[in-house]
Amino acid sequence: MSLFEQFRLLHPGWRDIVEVLIVSFALYRVLLLIHRTRAMQVLVGLVVLAGAYGLAYLLHFGMIVYLLTLIFSYGAIALLVVFAPELRAALAQIGQSPMSRLLGRMHETEVGDQVAEAVERLSRSGIGAIIAIEREVSLAEYVQSGSEMQAKVSADLLATIFTPYSPLHDGAVIVRGDTIVGAGCILPLSQTALIDRSLGTRHRAALGLSEETDALVVVVSEETAAMTVAVTGRLLRDVSSAQVRDLVAGRPIRDVISSAVDSGGGGGGRPGSAGGGGAGLAISS
């Protein structure tokens, strides 16, 4: 009996259709969660290893099959350790109640207003800054690298922290909810090659944190006064303070980008700087 004839004998019921739809949606959400993260790179690597295993099995390469079997046997435990932050983020997202999401959005809106006002002031003064907004993945390990705080987010406090020669101006501020929990913090530097030489250490640190976690990081360039937002391993450059407010408040990136394109707006830098004028929103990966 051919494969086609075997399929003709199948009589799927409504339960089978529902199961296929549920599994398809679950796979889609998983792929959406790991898109543009290191998890996607590891997934591609696993597919390559699986292909190599299948080829080695067909060609009867016993040693290669044995080694790959060992890798797959212990690899699952290693993946659980490596991707613990991503798993926590996924479980937290599943477990969020509608009420907690509503309250979170209210806090995000207030925080967005304060952060946007602060970066606007800093940009006009040509003062560099980097502000990380914690989301689902905890940034506790990075808070410990700086000075721990418990202060309500305000534009005045943020501007004061990044005042030149102040004790905490040379690191990142970390915001959790509506509270500043750390200042002068050290963030991981991205290993991604940045073609634009105007992007300095702050941008590399912001990109690095956005690659490692789901945090949103706002950067003000000390050289150009331009504002940049790093999220999901991408740099949104030459953003305005209004766009910073929308992104911190949780507005989807695609909506912010489309509104910037529709209005022809952008540049949050001071007039005459690289970030000023009417340039549109630029995206760097």
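Between strand 5 (216-220) and strand 6 (227-231) runs a loop that holds Ala 225. In this predicted model, Ala 225 takes a positive phi of about 65°, despite not being a glycine. Ala 225 is also buried, its relative accessible area being 0%.

His 60 makes a handy companion case. Its phi is near 60°, again a positive value in a residue other than glycine, and His 60 sits in the loop that links helix 3 and helix 4. Unlike the buried Ala 225, His 60 counts as exposed because its relative accessible area, 72%, is over the 50% cut-off.

The two helices on either side of that loop turn up again at the surface. Leu 31, Leu 43, Leu 46, Val 47, Ile 71 and Phe 72 together make a nonpolar patch of about 480 Å². Helix 3 (38-58) and helix 4 (62-82) each put in at least two residues, with helix 3 giving the most, three. Ile 71, for its part, belongs to helix 4; at 46% relative accessible area, Ile 71 is partly exposed.

As for the interior, the largest nonpolar core is built from 32 residues, and Val 115, Ile 131, Val 173 and Val 244 have the most contacts inside it. Helix 6 (residues 98-125) supplies the largest share of this core, five residues. Setting aside neighbours within four places in sequence, Ile 131 touches Val 115, Val 119, Leu 158, Phe 162, Val 173, Val 175, Leu 216, Val 217 and Val 218. Another core, of 21 residues, lies apart from the largest one and includes Tyr 142, Leu 187, Leu 199 and Ala 230.

Technical notes
Residues are numbered from 1 along each chain as its sequence is written. This is a predicted model: local features need pLDDT of at least 70, side-chain atom pairs count only at pLDDT 80 or more; totals for chains, interfaces and linings use all residues. Side-chain values use heavy atoms; hydrogens and water are left out. A nonpolar core is a set of buried Ala, Val, Leu, Ile, Met, Phe, Trp, Tyr and Cys residues joined through side-chain atoms within 4.5 Å. Buried means under 20% relative accessible area, exposed over 50%, partly exposed in between (1.4 Å probe, protein chains only). Helices (H or I, at least four residues) and strands (E, at least two) are DSSP runs, numbered from the N terminus. Contact means heavy atoms within 4.5 Å. Patches are made of residues with over 30% relative accessible area and no salt bridge: like charges are joined within 9 Å, nonpolar side chains (Val, Leu, Ile, Met, Phe, Trp, Tyr) within 5 Å. Accessible areas come from the Shrake-Rupley method with a 1.4 Å probe; for residues, only the protein chains shown count as cover. A salt bridge is a side-chain nitrogen of Lys or Arg within 4 Å of a carboxyl oxygen of Asp or Glu.
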